Amino acid sequence: MTPPRSWSPRPAVVALAWLLAATSLVFAVLGPEPTTRLFLGTATAFLLALAAYGTFVRPKLTADDTGLTVRTVTGRRHLPWHQVKVKLVHTRRLGREVATLELDWQQGDDEQLFVLTPMDLGADPRDVADVLHALRP
């Protein structure tokens with residue numbers, strides 16, 4: 001039995017989001033104009049949502065002998081190996097190529113697609129895909 005492997009957003013990125021949210025909140029409260037306060041209040045809400053997501057949805061992906069477990073805002077979803085297809089997808093946008101990891105789960109008529117970015121995994125999706133393919137029975 002191999003030990004489980006897991007991937008999460010990097011702690012430094014999550015800490016930076018909390019710091020930026022706090023800074024934005026201070027400037028929103030002390031802002032001299034209503035327009036500035038509205039803009040910074042909106043930015044604060046967005047940064048707080050990102051920071052909370054990165055903090056509470058950990059680990060984002062866990063792999064073990066039984067399959068994969070993906071954690072989302074609505075809870076955890078266990079995906080047995082025989083029901084999931086792991087695919088590495090390369091997308092080119094604005095002159096830059098980005099790799100994402102797609103987990104295509106299907107059980108009967110139910111199906112769901114999980115798309116994990118480098119920010120979600122805290123690692124290069126290519127490396128994660130290699131580990132998942134090695135772990136797959």
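These notebook entries record what I looked up in a predicted model.

**Entry 1. Strand pairing**

I began with the hairpins, in order along the chain. A hairpin joins β2 to β3 through 3 residues. The two strands pair in the antiparallel sense over 3 bridges. Within this pairing I noted T62, whose bridge partner in β3 is T69.

I then turned to β3 and strand β4 (residues 75-80). They run antiparallel and are joined by 6 bridges, and they form a hairpin with 2 residues between them. I recorded two bridge partners in β4: L79 for L68, and P80 for G67.

Next I looked up β5 and β6. This pair is antiparallel over 10 bridges, and its hairpin has 2 residues between the strands. Here K87 stands opposite E102 in β6.

The last pairing I took up was that of β6 with β7. These strands are antiparallel over 7 bridges. Their hairpin also leaves 2 residues between the strands, and G108 in the turn has a positive phi of about 65°. The bridge partner of Q106 in β7 is E111.

**Entry 2. Backbone geometry**

I checked the backbone for unusual values. L94 has a positive phi near 50°, and L94 is a residue other than glycine. I located L94 in the loop between β5 and β6. Is L94 buried or exposed? Its relative accessible area is 89%, so I entered L94 as exposed.

I also looked at the peptide bond from R58 to P59. This bond is cis, with omega near -15°. P59 is found in the loop between α2 and β2.

**Entry 3. E102**

I returned to E102, which I had met opposite K87. The residue belongs to strand β6. How is a glutamate placed here with respect to solvent: buried or exposed? E102 has a relative accessible area of 16%; the cut-off for buried is under 20%, and therefore E102 counts as buried. I listed its contacts, not counting residues up to four places away in sequence: K85, V86, K87, V89, L113, F114 and V115.

**Entry 4. The nonpolar core**

I next asked which residues of the largest nonpolar core touch the most other members. The core has 19 residues, and those with the most contacts to other members are L61, L68, L79, W81, L101, L103 and L132. The elements that contribute two or more residues are β2, β3, β5, β6, β7 (110-116) and α4. Helix α4 gives the most, with 4 residues.

I followed L79 further. Leaving aside neighbours within four places in sequence, L79 is in contact with T66, G67, L68, V70, V84, L103, W105 and F114. L68 thus appears twice in my notes on L79, as a contact and as the residue bridged to L79 in β4.

**Entry 5. Helix α4**

I then examined α4 itself (residues 125-135). P125, V128, A129, L132 and L135 are buried. Seen down the helix axis, the buried residues fall within an arc of 125°, so they line one face of α4. As a reminder to myself, an α-helix has 3.6 residues a turn, so residues three or four places apart point the same way. On the other side of α4, D130 and A134 are exposed.

What covers the buried residues of α4? I found that the cover includes β1 (5-7), β2 (61-63), β3 (67-72), β5 (84-93), β6 (96-107) and α3 (118-121).

**Entry 6. Aromatic residues**

I searched for aromatic pairs and found 0 in the structure. I did find a charge over a ring: R77 lies over the face of W105, at 4.5 Å from the ring centre. W105 is also among the contacts of L79.

I closed with F39, which lies in helix α2 (residues 34-56). Is F39 buried or exposed? The relative accessible area of F39 is 61%; the cut-off for exposed is over 50%, and so F39 is exposed. I also noted the position of F39 relative to S24: the two are 15 residues apart in sequence, and their C-alpha atoms are 9.7 Å apart in space.

Methods:
Residues numbered from 1 in each chain as written. Predicted model: local features only at pLDDT ≥ 70, side-chain atom pairs only at ≥ 80, totals over all residues. Heavy atoms only, no water. Buried < 20%, exposed > 50% of the residue type's maximum accessible area, 1.4 Å probe, protein only. Arc of directions from axis to C-beta. Contact = heavy atoms within 4.5 Å. Phe/Tyr/Trp six-rings, centres within 6.5 Å; stacked < 30°, edge-to-face > 60°. Lys NZ or Arg CZ within 6 Å of the ring centre and 35° of its normal. Core = buried A, V, L, I, M, F, W, Y, C linked by side-chain atoms within 4.5 Å. Pairing = 2+ DSSP bridges.
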